[in-house]
Amino acid sequence: MTQALRLAENGLYTTTPNPRVGCVIVRDGQIVGSGWHVRSGEPHAEIHALRAAGSLARGATVYVTLEPCSHQGRTPPCTRALIEAGVNRVMMAMLDPNDRVNGEGIRQLRAAGIAVQSGLLAAEARALNIGFVTRMQLGRPWVRMKVAASLDGKTALNNGQSQWITGEAARLDAHKWRAQSCAILTGIGSILSDNAQLNVRHVETTRQPVRVVLDTCLRLPVQAKVLTGEGGQTWVFTTATDQRKIQSLQQAGIKVLVLPSQAGKVDLHAVMNSLAELQINELLIEAGATLNGALVASGLVDEIILYFAPMLLGDQARGILALGELTNLSDHIELQNLDWRQVGKDMRLTATLVKKLV
């Protein structure tokens, strides 16, 4: 199963919106076939492994990181292929959280006389597909917030200057998170001040994540790099109904989604629900303190990636989160599952949030 998980990681940048899945087939103590799911619409991991194994799959044990699919989608059901191949046993890491599959794959295999067990390295398999699991179970993407800051928690000078706080190694590392993400989200304020492209560079990938901009009043200029630069599709979420502005963006190839307003801004929960409906599994936030704070306060941030540079910028510089004043220390935002790594001259902290503000 460890080998199957390693194979699944080959699809880290490519499988969206499908889960990352690996499969290993063993007969008489020897691996006779293996494979992984490469991208949506192409054969699943089990099919690649069965093709590699050929007739040696009969009577073999299959190790797969996710419950085999049991329905006809863009590809035929993997359960049928496993049954026809005559495998003897299927060991899976976890059940498929998709309601169309959950438990049905196991039922079909057992009905055909195939022994099935699940739960082997389940935590590792879930972590590999945390975005897919979150979308299936909660109806929203897994949300990561990426921030580059000084040691005193400042992301830019008061005049907005921020390039560059972290070193080149940290910036290269951040592009791996971009490549892994299905979409990158920012606010119109960041676009107007930084004119970021929000694309993947310095990392070899066959796809670019969708670029998502929250723009309540449709202030996005048509010459912005997020529209004209090299990258994935651009989606704009707004509350504006000005058809002239909407049509001008649509004519530029931009998807414009009009959502309800919440306190004068685009409803963040509605944004997340819409992104899930659009099959976004993992969402990376690269925004300023105001939007960062609003997302955290709404309980919509699951994980934070903090790059700390060995510098101090002082109390007049801009912070990470605009949350307003906390009057009780017990109202703090607690982090857990902390992982510290040195990246060049900087330190990278990844952690999940314990939500206490909602």
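Helix α6 spans residues 130–138 of this predicted model. Its buried residues are Ile130, Gly131, Phe132, Val133, Thr134 and Arg135. The cover over them includes α5 (122–128), β6 (142–150), α11 and β14 (282–285). After α6 comes Gly139, with a positive phi near 70°.

Two of those buried residues, Gly131 and Phe132, also line the largest cavity. That cavity holds about 70 Å³ of space. The count is two cavities of 30 Å³ or more. Other lining residues of the largest one include Thr15, Thr16, Asn18, Pro19 and Arg20. Leu128, Asn129, Cys182, Asn281 and Glu282 are also among them.

Thr16 brings in a backbone feature. The peptide bond from Thr16 to Pro17 is cis, with omega near 5°. Pro17 sits in the loop between α1 (2–8) and β1. Most residues other than glycine have a negative phi, and most peptide bonds are trans.

Two residues go against the phi trend. Leu218 has a positive phi near 55° and is not a glycine. Its loop runs between β9 (210–214) and α9 (225–228). Leu218 is buried, at 7% relative accessible area. Gln279 likewise has a positive phi, about 70°. Gln279 lies in the loop between α11 and β14. Is Gln279 buried or exposed? It falls in between: Gln279 is partly exposed, with a relative accessible area of 42%.

Now to the interior. In soluble globular proteins, nonpolar side chains tend to be buried together. Here the largest nonpolar core has 36 residues. Leu185, Val212, Phe237, Leu275 and Leu295 make the most contacts inside it. Helix α11 (residues 268–277) gives this core its largest share, five residues. Apart from this core lies another, of 35 residues. Val26, Val32, Ala125 and Leu128 are among its members.

Val212 shows how the largest core is connected. Leaving aside neighbours within four places in sequence, Val212 contacts Ala183, Ile184, Leu185 and Thr186, among others. Its contacts also include Trp235, Phe237 and Leu275.

Helix α2 (residues 45–53) offers another packing example. Ala45, Glu46, Ile47, Ala49, Leu50 and Ala53 are buried there. They pack against three strands, β1 (22–27), β2 (30–36) and β3 (61–64), and against helix α3 (78–85). Gly54 follows α2 and has a positive phi, near 60°.

Strand β10 (residues 234–238) contains Thr234. Thr234 is buried, with a relative accessible area of 4%. What does the side chain of Thr234 reach? It reaches the backbone oxygen of Val226, at 2.7 Å. Thr234 also touches Arg211, Leu227, Ile254 and Lys255, among residues more than four places away in sequence.

Cysteines come last. A disulfide is a covalent bond between the sulfur atoms of two cysteines. The model has zero disulfides by the distance rule, which asks for sulfur atoms within 2.5 Å. Why does Cys23 not form one? Its closest cysteine sulfur, in Cys78, is 8.5 Å away, so the two are too far apart for a bond. Cys23 is buried, at 0% relative accessible area. For Cys182, the closest cysteine sulfur is in Cys69, at 19 Å, and is therefore too far for a bond. Cys182 also counts as buried, at 5% relative accessibility.

Technical notes
Residues are numbered from 1 along each chain as its sequence is written. This is a predicted model: local features need pLDDT of at least 70, side-chain atom pairs count only at pLDDT 80 or more; totals for chains, interfaces and linings use all residues. Side-chain values use heavy atoms; hydrogens and water are left out. Helices (H or I, at least four residues) and strands (E, at least two) are DSSP runs, numbered from the N terminus. Buried means under 20% relative accessible area, exposed over 50%, partly exposed in between (1.4 Å probe, protein chains only). A polar contact is a pair of N or O atoms within 3.5 Å; within protein, one must be able to donate a hydrogen and the other to accept it, and residues adjacent in sequence count only if both atoms are side-chain atoms. Contact means heavy atoms within 4.5 Å. A nonpolar core is a set of buried Ala, Val, Leu, Ile, Met, Phe, Trp, Tyr and Cys residues joined through side-chain atoms within 4.5 Å. On a 1 Å grid over the protein atoms alone, a cavity is a set of points where a 1.4 Å probe fits but cannot get out, and a pocket is an open set with protein on both sides within 12 Å along at least five of seven lines; lining residues have an atom within 4 Å of a point. Grid points are joined across faces, edges and corners, and a volume is the space filled by probe spheres set on the points.
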